[in-house]
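Me: I'd like to go through this structure with you, one question at a time. Could you show it to me first?

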Amino acid sequence: MQYPTLAELAELVGGTLRGDPDLQICGAAPLADAAAGEITLADHPDRLTDAAASQASAVVCPPGGEASALQRIVVEDVHKAFTSIVQAFRPPRTGPTPGVHPTAVIAETAIVAQDVCIQANVVIGEDVTVGVGSTIYAGAVVMAGCRIGAGVRVFPNATLYEDTVVGDRCIIHAGATIGAHGFGYTQENGCHRPTAQLGCVVLGSDVEVGAGTTIDRGVYGPTRVGDGTKIDNLAQIAHNCQIGRHNLICSQVGIAGSTTTGDYVVMAGQAGVRDHVTIGDRAQLGAMCGVSNDVPAGASVLGAPAVPVRDQRLRFAAIAKLPEMRKEFKQLRKQVAELERRQPNDEPQPGIDGSRAA
């Protein structure tokens, strides 16, 4: 097999070659996994030392490592260049071929574009529409009344409940559930009775929903997720939430009902938000924080209950000093006890008229 040379890879990524142009490269791997004959990456000049200690035969790196003797390709954007190199060795698999698998079940009233790919054991309900160039992977269920835009990918075993609306170019990963009933109950005669779940879920364009994530339908109207928002795996968005555009919602975030977020909000892993809270544009919620009040636009909060990051850091610093403070307190208490022990007990006592006896 003829492997590409270092010069050919440099040409592929538009980089500057520093080394043997005829050196053949047989693969690409990160530093920890790179073997002899492979190329790796160092995304900072300081990491060239690690690259030199690895088994890799060459490295993709940024400017600034001119003193290194490593065979290298110098580029401005290391990760972009290395992505192209990895893809050269491991080309993406060919996408699914348009067509309907014979085991798919599609209702007669469904409208499916001609170039859509419907894989094995997919179920598509009544009055569903599926737009141009979309792919519904094996085992997915699209229930009655759903509308799926163009270029959408619904991965295996995802479920879209009735009347879910999915914008163009959305990605719904395996096992996600969109449009399940919200967690709403009233108590009648000692029993919990479900409240109305008559709304739906509306995803804007370019939304990505992670594997195992759930987004509940609204009570009467839609739960909305704005254009460009990206939701990680295993997140929960409850009924009636109005999620803004281009939010980043990380894994295990839980958002209670009727919460509203602005645009470009970031929620780090395991953050929790109570119901009926408003979070402003570009706010940032730190990992594992508990939000019980509105968060202003641009604010960064941390902790449970969530407070501004600066305040929480001061609290963390104070908590870190508690063992030392406890030790000092015990020493002070001993000193006070010693002073009290030394204090004479025969002080003159005041007389009846307030004067001290001789």
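Me: Which residue in β3 stands opposite Gly 27?
Reply: Happy to start there, with the note that this is a predicted model in which local features need pLDDT of at least 70 and side-chain atom pairs count only at pLDDT 80 or more, while totals for chains, interfaces and linings use all residues. Residues are numbered from 1 along each chain as its sequence is written, and side-chain values use heavy atoms, with hydrogens and water left out. β2 and β3 pair in the parallel sense over two bridges; strands are DSSP runs of E of at least two residues, helices are runs of H or I of at least four, both numbered from the N terminus, and two strands pair if DSSP finds at least two bridges between them. Opposite Gly 27 in β3 stands Glu 38.

Me: Which residues point the other way from Glu 38 and Thr 40 in β3?
Reply: In a regular strand, side chains alternate between the two faces of the sheet. In β3 all four of these residues are buried, meaning under 20% relative accessible area (exposed is over 50%, partly exposed in between; 1.4 Å probe, protein chains only). Pointing the other way from Glu 38 and Thr 40 are Ile 39 and Leu 41.

Me: What is the bridge partner of Thr 40 in β4?
Reply: Strand β3 (residues 38–41) runs parallel to strand β4 (residues 58–61), and three bridges join them. Ile 39 stands opposite Ala 58. For Thr 40, the bridge partner in β4 is Val 59.

Me: Which strands stand at the edges of the sheet, each with a single partner strand?
Reply: The five strands form an open sheet with mixed pairing, in the order β1-β5-β4-β3-β2. Each edge strand has a single partner, so one side of each is left without a neighbour in the sheet. The edge strands are β1 (16–18) and β2 (27–28).

Me: And in the open sheet of 10 strands, which are the edge strands?
Reply: Here the pairing is parallel, and the order is β7-β10-β13-β16-β19-β24-β27-β30-β33-β36. Each edge strand pairs on one side only, and they are β7 (105–106) and β36 (290–291).

Me: Which residue stands opposite Ile 178 in β24?
Reply: β19 and strand β24 (residues 214–216) pair in the parallel sense over three bridges. Opposite Ile 178 in β24 is Ile 215.

Me: How many residues apart in sequence are the parts that Glu 162 and Arg 217 tie together?
Reply: These two form a salt bridge, their closest N and O atoms being 3.6 Å apart; the term means a side-chain nitrogen of Lys or Arg within 4 Å of a carboxyl oxygen of Asp or Glu. Glu 162 is partly exposed at 30% relative accessible area, whereas Arg 217 is buried at 4%. Glu 162 lies in the loop between β16 and β17 (165–166) and Arg 217 in the loop between β24 and β25 (222–225), so the parts they tie together are 55 residues apart.

Me: Which residues are joined into one network by salt bridges that share partners?
Reply: In helix α5, Glu 338 and Arg 342 lie four residues apart, about one turn of the helix. Their side chains meet in a salt bridge of 3.0 Å, N to O. The network joins Glu 338, Arg 341 and Arg 342.

Me: How many salt bridges does a search of the whole structure find?
Reply: One of them is between Arg 245 and Asp 263, at 2.8 Å, N to O. Over the whole structure, the search finds seven.
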